[in-house]
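Trainee: I have some time for this one today. Could we go through it together, question by question?

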Amino acid sequence: MANNGDSILEMYLYETNSLLEQLDNIMLTAEQADTLSQEDVNEIFRIMHTLKGSAAMMEFEPLMTLAHRIEDLFYLIREGTMEIIPEEDKPKLFNLLFKFIDYFRGQIENIESGAPLSNDIDSFVTIINTVIDKINGTGAKKEESSESSASSSETDGVGGYPYTLHIHLDEGCGMENLRAFMVVNDVKECCSDFVVEPEDVDDSSLAQTIAKDGFKLHFSTAVDRENAVKIIELMGFVKSFEQIDNNSVAAEEQAPKKDEETKKEEPVVVAEAEPKPEPVVDKPVQRTKKAAGTPIAAQKEAATQGHQIKQSLISVNLSKLDQLMAVVGEIVITEAMVTASPDLRGLEGVKLDNFNKSARQLRKLTDELQDISMSLRMVPVSGTFQKMRRIVRDMGQKLGRRARLTIIGEDTEIDKTIVDAISDPIMHIVRNSMDHGIEPDEKMRIAAGKDPEGEIILSAQNTGSEVIIKVEDDGGGVDTNAVLAKAIRQGLANPDAEYSQREIMNFLMMPGFSTNTEVTEFSGRGVGMDVVKKNIEAVSGVVQMTSEFGKGSCTTLKIPLTTAIMDGMEVAVGDSIFTIPIQNIRQSFKATKDDIIYDAMKGEMICKMDNFYPVLRLHNRYGLIPRAENTEDGIFVWVETSENSYCLFVDELLGEQQVVIKPLPSYLNTFGIKESGIVGCTILGDGNISLILDVSNLISSDSGYAMF
Amino acid sequence: MSDENMLFATEEQQANNKEQEVEEVATRKYLTFRTDNLLFGIEAEIVMEIITNYVVTCVPMVPSYVKGIINLRGQIIPLLDMRQRLNIEPIDTDCIIVINVNDVRIGILVDAVSQIIDIPVDTILPVPQHNAQKYVSGMCNMPDESGTMLVLDCSLLLAD
């Protein structure tokens, strides 16, 4: 039972979060356009209504009250259109809604973490009330008219929903409230834009009323109502229903037909009085509606579009997908074990055509299975990207800078766990771009010959094996000299050493490093880029920062598509086999003894592409007995990570292989094995174990190189 | 049957049950194995299985008593060499006892496994303080007089 409650709560949180996101998007586009279209207003009204309803269901009183007040506000706006909001108050309205979204989000987070809800909504409600009062004041005339129309149509229609369907249920069918609720639910499937009267049909206290007087559905278009009629006709317990269009709005739209319509009403009422009348279909009205042409066609289109958005989705617990991935990983290994079984080697000369054919088929299927199971975990990055719009907007307003966010490739799909992991880093980077990148003064930008409005480009790209996410800004860029000076002051850099551009950029990602002199709301604590690096490396990604002083900077995140299965290069050292992630390998090459250059501390280096790179002999590092003692016998693998680049000397390359990463037994972690450059292990096709090297830890933890 | 009788019967049964329970607690199953002429016993409950002939993958940068890791049907299990853990010269052996201590699976490399034996709990005596072995929590004479068994405390074995 508790479990059940949890799943309802989960559903609520999911639904509310997605609604808030939707709201956020509407508001952001609306703010750019500086107005709310009638569609937007309707949408917001609907969202508020749902938020209110679900909050009431979960008994989150403050949330319900708040959503209710905003709903009231938008009811007024919908009645009077955006014109009732004075031009100078529009930003206030937008800010109010953004505040509302933030407050709601905060509360939802509280619920998620099990913290109690704060009941402090009074100030909020007061603000909303003043806005409502103001609207009522300015739009007094409009209000009067709409109120009068509301009162006149009290029984027959609701403002904005002129097409009414009055439904009566079979006498004595029992549980009228629930049956009415079923009708409402079914109608919801074909059209979402309608109002029910009484509002809470499923309230058991209303069962009597519904049994006696029936209940009403108010639609905004006749097409919606037609669809609803089709559904209701099929319901056994609906005794009769009548269609009424007598609202003033409909009258305005249909001025010439008005008489006909009002006339039409009477026979309908009469028909209703009969004991078992046939379902009444208001045919003449329908025909005239259809003849009205284009606007309705447009409506219909919108309705079908609304349908398309409703995809057939199911939500699955992530842990189940993890299990599936684990099993698929095992299958991939087992398949390799079977097809490369050592027993087959004894059968040389024997025809294995059928076996090979089946093996190929099996490989094809396992590959497919692996692809599908991986794609299950893929979600587009658009959600994460869209959130950044909000950050750019908020920070732009607070800092008084103008910047726009351009998003490229937001439909790129990446693993769910990675999406979660990159959300914070992207936020930090975008914040940095806003705070440090974009110039504080437009004049500075104009003087530099740039567009006065700054631009931040957020792009995602899938290269097949990894996802590249870039955050570019056209701001001031990084002053490398200032960074180096600061690094020296903080004791992170050696004042006598020469640093490359790239090494200097790496200082920016050190914990506690910040070039800001004071701590602000947004940055200056020096944790941002450190967090970025930590989070990205946790999903075995790489962070790169480049910048041109005065022109802007670019932060690139390279993340492998999935973390559970990766491409690795098997290398042998003595009797041991190690796996080097392919993504870290730049090149492998042979070299002779003469290519090696020694430094004062007997450290070895090698020159590649006009740069010197340290050499690390894996057997020395791990105290193994190598088969290739001489430089000429072994092979160099040039590896690279976000922070270092060096050459690894191994005995031989065994070949590339797709491997499933398995964590090392926790017992071994007590010996700090992770710090010594081994990140995990994998089972090879023959059942042996290969250790996966962590290229960045391998060299930085080596005492010989720690001096650098 | 009257209520009183039933009550009586139940009481008697309860008494019987208690006696049985006491008897059950009184003995404990131990798996005994030899390492360098020492006879050790591990509680049979924590023993998962006994395996031989496994390929051990060496792991660098760990103490010498950690022989490496093995692939036990897809599970990666670390392997401890009992001899080296006791600072005894290692010999070539491939008999591994896989144990599960507090959900940590680990293999122990021993010279040879002997038998599973029921030991009355009260015959297990504390180790004399002067001779206290690092990983031994008690000792007892074997019922068949074949020697003295040292009770291995596995959580101490895994601790640093």
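Mentor: Gladly, and keep in mind that this is a predicted model. Let's begin with T556(A), which sits in strand β11 of chain A.

Trainee: Is T556(A) buried or exposed?

Mentor: The cut-off for buried is under 20% relative accessible area. T556(A) has a relative accessibility of 10%, so T556(A) counts as buried.

Trainee: Which residues is T556(A) in contact with, leaving aside its neighbours within four places in sequence?

Mentor: T556(A) belongs to strand β11 of chain A. Beyond its sequence neighbours, its contacts are I468(A), I469(A), K470(A), V542(A), V543(A) and Q544(A).

Trainee: β11 makes me curious about its surroundings. What covers the buried residues of α22(A)?

Mentor: Start with the residues themselves: G528(A), M529(A), D530(A), V532(A), K533(A) and I536(A) are buried in α22(A). Their cover includes, in chain A, β10 (542-548), β11 (552-560) and α18.

Trainee: How are α18(A) and α22(A) oriented, roughly parallel or roughly antiparallel?

Mentor: Helix α18 (residues 416-437) and helix α22 (residues 528-538), both of chain A, have axes that come within 9 Å and cross at roughly 150 degrees. Angles over 145 degrees count as roughly antiparallel. That makes the relation of α18(A) to α22(A) roughly antiparallel.

Trainee: Which residues of α22(A) does α18(A) meet, and what classes do the residues in the contact fall into?

Mentor: The α18(A) side consists of A421(A), I422(A), D424(A), P425(A), H428(A), I429(A) and N432(A), and these meet G528(A), M529(A), V531(A), V532(A), N535(A) and I536(A) in α22(A). By class, the residues of this contact of α18(A) with α22(A) are eight nonpolar, four polar and one charged.

Trainee: And what is the hand of the crossing of α18(A) and α22(A)?

Mentor: Two packed helices are described by the angle between their axes and the distance between the axes. For the hand, α18(A) passes α22(A) in a crossing that is left-handed.

Trainee: What does the phi of S540(A), which follows α22(A), come to?

Mentor: Most residues other than glycine have a negative phi. S540(A), just after α22(A), has a positive phi, near 50 degrees.

Trainee: Let's try another helix pair. How far apart are the axes of α2 and α3 of chain A?

Mentor: Helix α2 (residues 38-57) and helix α3 (residues 61-80) of chain A pack at an angle of about 155 degrees. The two helices, α2(A) and α3(A), are therefore roughly antiparallel to each other. The distance between their axes is 8 Å.

Trainee: What is the hand of that crossing, and how do the residues of the contact divide by class?

Mentor: α2(A) passes α3(A) in a left-handed crossing. The contact includes V41(A), F45(A) and M48(A) of α2(A), and L63(A), F74(A) and Y75(A) are among its α3(A) residues. In the contact of α2(A) with α3(A), the residues divide into 14 nonpolar, four polar and three charged.

Trainee: Now for the loops. Which backbone atom does the side chain of K450(A) reach?

Mentor: K450(A) lies between α19 (442-447) and β8 (454-462) of chain A, in the loop. At 16% relative accessibility, K450(A) counts as buried. Its contacts beyond four places in sequence include E439(A), G475(A) and K551(A). At 3.0 Å, the side chain of K450(A) reaches the backbone oxygen of D474(A).

Trainee: And which backbone nitrogen does the side chain of D599(A) reach?

Mentor: D599(A) is placed in the loop between β15 (596-598) and β16 (604-608) of chain A. With 24% relative accessibility, D599(A) counts as partly exposed. Its side chain reaches, at 2.6 Å, the backbone nitrogen of G603(A).

Trainee: Finally, chain B. What are the relative accessible areas of D36(B) and N37(B)?

Mentor: D36(B) is found in the loop between β1 (27-35) and β2 (38-43) of chain B, and N37(B) has its place in the loop between β1 and β2. Neither is a glycine, yet D36(B) has a positive phi of about 50 degrees and N37(B) one of about 65 degrees. D36(B) is partly exposed at 30%, while N37(B) is exposed at 72%.

Methods. Residues numbered from 1 in each chain as written. Chains lettered and ligands numbered in written order. Predicted model: local features only at pLDDT ≥ 70, side-chain atom pairs only at ≥ 80, totals over all residues. Heavy atoms only, no water. Axes fitted to C-alpha atoms, helices over the stretch in contact; angles between N-to-C directions. Helix = DSSP H or I, 4+ residues; strand = E, 2+ residues; numbered from the N terminus. Parallel < 35°, antiparallel > 145°, perpendicular 65-115°, else oblique. Left-handed = near helix turned anticlockwise from the far one by under 90°. Contact = heavy atoms within 4.5 Å. Nonpolar A, V, L, I, M, F, W, Y, C, P; charged D, E, K, R; others polar. Buried < 20%, exposed > 50% of the residue type's maximum accessible area, 1.4 Å probe, protein only. Polar contact = N/O pair within 3.5 Å; in protein donor to acceptor, adjacent residues only side chain to side chain.
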